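Here are a few notes to read alongside the structure, set out as numbered points. I hope they help you find your way around.

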Amino acid sequence: MSLKYAVLAALLEGEASGYELSKVFDVSLANFWPATPQQLYRELERLAQDGLVEARTVQQERRPNKRMFTLTEAGRSQLRSFAAEPPKRPTAVRDELLIKIQALDGGDPEVIRALIEERRGWARGKLDRYERVRERLLAGRTEEEYLRTADRIGPYLTLMAGIAFEEENLRWCARVLEVLKQRIPLG
């Protein structure tokens with residue numbers, strides 16, 4: 001899959017500038033499809049050239065003009081077609097930390113312990129951010145009420161996956177640290 005469909009899906013939220021889109025990516029798509037602002041701007045330009053999004057320029061005082069992007073009917077059609085196709089391949093984990101842990105027995109366990117602590121901190125931070133997004137989306141409603149009545153549920157369902165992923169990361173980090181503590185006492 002290309003960034004193209006992630007951008008088209010993000011624009012289902014409505015018109016957005018490249019900057020606003022990068023913020024959407026940070027809070028709702030980064031848990032499963034990260035992209036830099038530069039990648040997003042390049043993709044928006046390609047999508048506009050292909051007629052899948054429409055761009056308009058908004059004049060601003062004391063600031064550079066900004067371009068606002070919306071989905072075209074052709075973009076919606078491509079997104080519908082994409083959503084109907086089965087994924088090309090199952091998810092594969094490619095994680096450099098796991099290679100380092102695989103090599104633990106030939107390396108420095110204290111370094112690995114520090115790397116796991118760092119991973120745990122990242123996971124905790126991401127989980128906290130996802131929980132804030134969740135509270136904002138729910139806006140005082142229960143999850144069941146939100147899922148029954150919200151205009152769009154896709155962002156919430158993917159957010160649930162991100163939350164579950166980071167919760168599992170935290171459980172895994174705790175278990176690895178426990179094993180390391182039992183096998184390799186702190187030095």
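1. Let's begin at the surface. Leu147, Ile153, Leu157 and Met160 together make a nonpolar patch of about 280 Å². Please keep in mind that this is a predicted model, so every value here is computed from predicted coordinates.

2. One member of that patch, leucine 147, belongs to helix α7, which spans residues 143–149. Is leucine 147 buried or exposed, or does it fall in between? Its relative accessibility is 30%, so leucine 147 counts as partly exposed. The partly exposed class lies between the buried cut-off of under 20% and the exposed cut-off of over 50%.

3. For a contrasting case, turn to arginine 119, which sits in helix α6 (residues 109–138). Arginine 119 has a relative accessibility of 16% and therefore counts as buried, the cut-off being under 20%.

4. What does the side chain of arginine 119 make a polar contact with? The partner is the side chain of aspartate 95, at 2.8 Å. Leaving aside residues up to four places away in sequence, arginine 119 touches Asp95, Leu97, Asn169 and Cys173. Aspartate 95 thus appears both as a polar partner and in the list of contacts.

5. Helix α1 covers residues 3–10, and 7 of its 8 residues are buried, so the helix is largely enclosed by the rest of the structure. The buried residues are Leu3, Lys4, Tyr5, Ala6, Val7, Leu8 and Ala10. You will notice that a lysine, Lys4, is included among them.

6. Next comes the sheet. Three strands form an open sheet in the order β1-β3-β2, with antiparallel pairing. Why do β1 (16–17) and β2 (53–58) each have one side without a neighbour in the sheet? Both stand at the edges with a single partner strand each, so one side of each is left free of a sheet neighbour.

7. The pairings can be followed residue by residue. Strand β3 (residues 66–71) pairs with β2 over 6 bridges, in the antiparallel sense. Here valine 53 has leucine 71 of β3 as its bridge partner, and alanine 55 stands opposite phenylalanine 69 in β3. As general background, strands of a sheet pair through backbone hydrogen bonds.

8. Finally, β1 and β3 run antiparallel and are joined by 2 bridges. If you would like a place to look, serine 17 has methionine 68 in β3 as its bridge partner.

Notes
Residues are numbered from 1 along each chain as its sequence is written. This is a predicted model: local features need pLDDT of at least 70, side-chain atom pairs count only at pLDDT 80 or more; totals for chains, interfaces and linings use all residues. Side-chain values use heavy atoms; hydrogens and water are left out. Buried means under 20% relative accessible area, exposed over 50%, partly exposed in between (1.4 Å probe, protein chains only). Helices (H or I, at least four residues) and strands (E, at least two) are DSSP runs, numbered from the N terminus. Two strands pair if DSSP finds at least two bridges between them. A polar contact is a pair of N or O atoms within 3.5 Å; within protein, one must be able to donate a hydrogen and the other to accept it, and residues adjacent in sequence count only if both atoms are side-chain atoms. Contact means heavy atoms within 4.5 Å. Patches are made of residues with over 30% relative accessible area and no salt bridge: like charges are joined within 9 Å, nonpolar side chains (Val, Leu, Ile, Met, Phe, Trp, Tyr) within 5 Å. Accessible areas come from the Shrake-Rupley method with a 1.4 Å probe; for residues, only the protein chains shown count as cover. A salt bridge is a side-chain nitrogen of Lys or Arg within 4 Å of a carboxyl oxygen of Asp or Glu.
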